[in-house]
Amino acid sequence: MEMRRLGGQGLVVSALGLGCMGMSEFYGTADERESIATIHRALELGVDFLDTADVYGMSKNEELVGRAIQGRRHQVVLATKFGNTRLPDGRFGPVNGRPEYVRQACEASLRRLGVDVIDLYYQHRVDPTVPIEDTVGAMADLVRQGKVRHLGLSEAAPATIRRAHAVHPITALQTEYSLWSRDPEDEILPAVRALGIGFVAYSPLGRGFLTGRFRRAEDLPKDDHRITMPRFQGENFQKNLALVERIKAIAAEKSVTPAQLALAWVLAQGQDIVPIPGTKRRTYLEQNAAAVAVRLTSEDLRRINEVVPNGAAAGARYADMSRVTL
C-alpha cells in the first residue's frame, strides 16, 4: 500500500483510507460482524487510516471501531470528529464548538474508542456562533495534554482555515471531493496547499453513485439517507446517471471498475490528497484498495475531465447546505 503525508506535522497514512460511517447508519442495514471483518481486512491490505465520528450511529460507530481495533491499535491511524450533535430522536442538533464541549467530546470519544490518544481529531462542522480561534484553542490544549496528536477541520471555508491554522497547525482538511463534487478545486484546495495542509476527500465515490450500482432511485433502501439528497432525486438522478455512463465507458477501456477509475482520479489529483471511501463489505474494500495500483495517463485525465468537468453534477450535495464551507 502506498503511503502519503498529510500536512507538515509528520502524519503519514495509507494513500487510501476507510470511511466507517456507513457501518452504523445512513446507508441501509448495518452488519456489525461484516463491518469488523472489513476493518480487519483493511489492516491486512495496509489500509491503516480509519475515519469515524462521535455522531455516526448515535456514537455507536466509535464503539464499533474501538472493538475492531482492540489489540491492533499499533496498526491504526485513527481519526474521529466532534461538533455535530444529535437529539434523542436521532435528528441533528446544533453544531457545538464551545471549548468546554470540545474537552467533553474528546473524553467521550477516547472512552468509546478504547484508546489513550486520537491520531487526528477534526472539528466536524464549523460552529458559526463560536470564534474558530476559541474552538481550535481548546483542540490545541488536547494536543498539549497528549490526548490528540494532530488537528483537522471538516467542511471549513478558506478564511476559517487560515484563522484556525494561525492558532495551531492544522494537519488536514476533510471535505467532499470526487468526480461529481469538484468545487474544492476553486478555492479550498489552493488555500490548504498554500498553508501546507493535507486534504482528506470524503465520499470520493459520490456516496456510491459513481460505482454504477444504482440505475434508478428506487434501488436505494427506504431507510437510506441518500434518498434525501438532491443528487439522488428525480431529474438530477437521471442526469447524473449519464455522467456515470461516461465514466463506465472509460473504465471498461482500462479494464477497471468505475469505482476504481473514480478513486484513481482522486489519487491522481495530488500526493497531498487521501480519499477515504466508505464501505461495510470486504468485497468492495478489496476492489477499492486495488485502485491505488491504477495509473492514469495524462490522456486519461484529459478525457475524464472532458466528460465530467467541474460542476457537471446535477443537484446540491445536501438538502441543507447551511452547515458546509463556513
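Trainee: What makes C106 count as buried in this predicted model?

Mentor: The relative accessible area of C106 is 0%. Buried means under 20%, so C106 is buried.

Trainee: How do you know that C106 is too far from the closest cysteine sulfur for a bond?

Mentor: The closest cysteine sulfur to that of C106 belongs to C20, at 18 Å. A disulfide needs the two sulfur atoms within 2.5 Å, so the distance of 18 Å rules out a bond. The structure holds zero disulfides. C20 is in no disulfide either, the sulfur of C106 being the nearest to its own at 18 Å.

Trainee: Is C20 buried or exposed, and how do you know?

Mentor: C20 has a relative accessible area of 0%. The limit for buried is under 20%, so C20 is buried.

Trainee: Why is M1 called partly exposed?

Mentor: Its relative accessible area is 38%. Partly exposed lies between the 20% and 50% limits, so M1 belongs there. M1 sits in the segment before β1 (3-6). Together with M3 and V12, M1 makes a nonpolar surface patch of about 230 Å².

Trainee: How do you know that R144 is exposed?

Mentor: Relative accessibility is 60% for R144. Exposed means over 50%, so R144 is exposed. R144 is in helix α4 (residues 132-144).

Trainee: What makes the pair of side chains R144 and D141 a polar contact?

Mentor: The contact between these two side chains is at 2.5 Å. The cut-off for a pair of N or O atoms is within 3.5 Å, so the distance of 2.5 Å satisfies it.

Trainee: What is notable about phi of M58?

Mentor: Phi of M58 is near 55°, a positive value in a residue other than glycine. Most residues other than glycine have a negative phi. M58 lies in the loop between β4 (49-51) and α2 (60-68). At 35% relative accessibility, M58 is partly exposed.

Trainee: What is phi of T325, and where is T325 found?

Mentor: T325 also has a positive phi, near 45°, and is not a glycine. T325 is in the segment after α10 (298-307). Its relative accessibility is 33%, and partly exposed covers what lies between 20% and 50%, so T325 counts as partly exposed.

Trainee: Why are β3 and β10 said to stand at the edges?

Mentor: Eight strands form an open sheet in the order β3-β4-β5-β6-β7-β8-β9-β10, with parallel pairing. β3 (18-19) and β10 (273-275) each have a single partner strand, so one side of each has no neighbour in the sheet.

Trainee: How do you know that β5 and β6 pair?

Mentor: Pairing requires at least two bridges. Four bridges join β5 (residues 77-82) to β6 (residues 118-123), and the two strands run parallel. In one of these pairs, K81 has Y122 in β6 as its bridge partner.

Trainee: What pairs β6 with β7, and which residue of β7 stands opposite Y122?

Mentor: β6 and β7 are joined over five bridges, in the parallel sense. With at least two needed, five bridges make them a pair. Y122 stands opposite G152 in β7.

Trainee: Why is β7 called largely enclosed?

Mentor: Strand β7 (residues 148-154) has seven residues, of which six are buried. Buried means under 20% relative accessible area, so β7 is largely enclosed by the rest of the structure.

Conventions: Residues numbered from 1 in each chain as written. Predicted model: local features only at pLDDT ≥ 70, side-chain atom pairs only at ≥ 80, totals over all residues. Heavy atoms only, no water. Buried < 20%, exposed > 50% of the residue type's maximum accessible area, 1.4 Å probe, protein only. Patch = residues over 30% accessible without salt bridge, like charges linked within 9 Å, V, L, I, M, F, W, Y side chains within 5 Å. Areas by Shrake-Rupley, 256 points an atom, 1.4 Å probe, with all protein chains shown as cover. Salt bridge = Lys/Arg side-chain N within 4 Å of Asp/Glu carboxyl O. Polar contact = N/O pair within 3.5 Å; in protein donor to acceptor, adjacent residues only side chain to side chain.
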